[in-house]
Amino acid sequence: MKWSLVAIAIVVVIVGYSVVTVSSGPFTPLGRVAFVKLGNPDFYPGHPHSELLSQYAEERGSECALICHFAGSSNYRSYQDGDVFIIELALIDTQGTGAADPTNYWDSVKLALFGAPEGRYKYKSDGIVFDTYDEAMNHVNTLAKKHNQSGPLPIAWHGNARQGNAVFIQGCGFPLYFHIMQKTYGMVPAYLYTFAGMVFPYMNNPYRNFELGHATELQELYNEGELDYT
């Protein structure tokens, strides 16, 4: 009983510290938006996943939202969707396998435990590649200010899994989301809010049953180019 109470007390302290730290910070962590693609591109004005993120931001009284990606061939142009300005930011891992290639799980564990080494990551937004985190965040903050953002900026990761089990594979943007949480709030809050972000779509994504029930079919259609509409 004594050790159980100690364990509970430790958990309460960790959760309380994380909540207080994040509540006074520059971002409102949301989590994963999608499980698989419904159409490509899916962060594009009027797409269901884009409208979902816009809705999440509106519900929190925000003029903008930040969506995290793993960089591919896109320019990751920021855009207006309804009343919310969507800021796109993608991670370029200079030592990684790329967005479409298999995950290096041991490397992922090391990044989760120790964070990314200085200089490993670059970032892309609006067709611009930024060499440092500070440069990328300055771009994000400049766009948010230009579009009348006040208060913390809602942040989410894309989440679509191109292949494999979409429940376990956290999909596009997951590393960048964790990276931003860790850089902004420290490792412990990053763990807590990233885990909460994994649960987020089960509670908030109205397409979850369709996406998960047809995940393999939708992945095949996407990889064959059948979901492209622009």
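**Entry 1: a salt bridge at Glu59**

I began with Glu59, which is exposed, its relative accessible area being 51%. I kept in mind that I am reading a predicted model. Exposed requires a value over 50%, and I then looked up the partner of Glu59, which turned out to be Arg60, with the closest N and O atoms of this salt bridge 3.6 Å apart. Arg60 itself is partly exposed, at a relative accessible area of 38%. I reminded myself that side chains of opposite charge can pair when their charged atoms come close.

**Entry 2: further salt bridges**

I noted that the structure holds four salt bridges, and I looked up two others. In one of them Asp93 pairs with Arg120, and the closest N and O atoms are 2.7 Å apart. This pair links distant parts of the chain, since Asp93 sits in strand 4 (residues 84–93) while Arg120 belongs to the loop between helix 3 (105–114) and strand 5, 27 residues apart. I asked myself whether Asp93 and Arg120 are buried or exposed. Asp93 counts as buried at 14% relative accessibility, and Arg120 counts as buried at 5%.

The other bridge joins Asp131 to Lys122, with 3.6 Å between the closest N and O atoms. Here I found Asp131 partly exposed at 46% relative accessibility, and Lys122 partly exposed at 32%.

**Entry 3: aromatic rings**

I turned to the aromatic side chains and recorded six aromatic pairs in the structure. For Tyr123 and Tyr133 the ring centres are 6.0 Å apart and the planes stand at 70°, so I wrote the pair down as edge-to-face. Tyr123 is part of strand 5 (residues 121–125) and Tyr133 is part of helix 4 (residues 133–146), so the pair ties together parts that are 10 residues apart in sequence. Both rings belong to buried residues: Tyr123 has 3% relative accessibility, and Tyr133 has 13%. I also noted one aromatic cluster, formed by Trp157, Phe174 and Tyr177.

**Entry 4: helix 6**

I followed helix 6, residues 187–204, whose 18 residues reach 25 Å from the first C-alpha to the last, close to the 26 Å expected at 1.5 Å a residue. Where does helix 6 bend? I found a bend of about 30° at Met198, and a proline, Pro201, follows within four residues. I listed the buried residues of this helix as Pro189, Ala190, Tyr193, Thr194, Gly197, Phe200 and Pro201. While reading that list I recalled that an α-helix has 3.6 residues a turn, so residues three or four places apart point the same way.

**Entry 5: a nonpolar patch**

On the surface I looked up a nonpolar patch of about 630 Å², made by Val167, Phe168, Phe195, Val199, Tyr202 and Met203. Val167 lies in the loop between strand 7 (153–157) and helix 5 (174–185), and I noted that Val167 is partly exposed, with a relative accessible area of 35%. A residue must have over 30% relative accessible area to be part of a patch, so the 35% of Val167 fits that requirement.

**Entry 6: Val36 and Phe210**

Last, I looked up Val36, which belongs to the loop between strand 1 (27–32) and helix 2 (48–59). Val36 is buried, with a relative accessible area of 1%. How many residues separate Val36 and Phe210 in sequence? I found them 174 residues apart in sequence, and 9.8 Å apart in space when taken from C-alpha to C-alpha.

Definitions and conventions
Residues are numbered from 1 along each chain as its sequence is written. This is a predicted model: local features need pLDDT of at least 70, side-chain atom pairs count only at pLDDT 80 or more; totals for chains, interfaces and linings use all residues. Side-chain values use heavy atoms; hydrogens and water are left out. Patches are made of residues with over 30% relative accessible area and no salt bridge: like charges are joined within 9 Å, nonpolar side chains (Val, Leu, Ile, Met, Phe, Trp, Tyr) within 5 Å. Accessible areas come from the Shrake-Rupley method with a 1.4 Å probe; for residues, only the protein chains shown count as cover. A salt bridge is a side-chain nitrogen of Lys or Arg within 4 Å of a carboxyl oxygen of Asp or Glu. Helices (H or I, at least four residues) and strands (E, at least two) are DSSP runs, numbered from the N terminus. Buried means under 20% relative accessible area, exposed over 50%, partly exposed in between (1.4 Å probe, protein chains only). The expected span of a helix is 1.5 Å times one less than its number of residues. The bend at a residue is the angle between axes fitted to the seven residues ending there and the seven starting there. Rings of Phe, Tyr and Trp (its six-membered ring) pair if their centres lie within 6.5 Å; planes under 30 degrees apart count as stacked, over 60 as edge-to-face and the rest as tilted.
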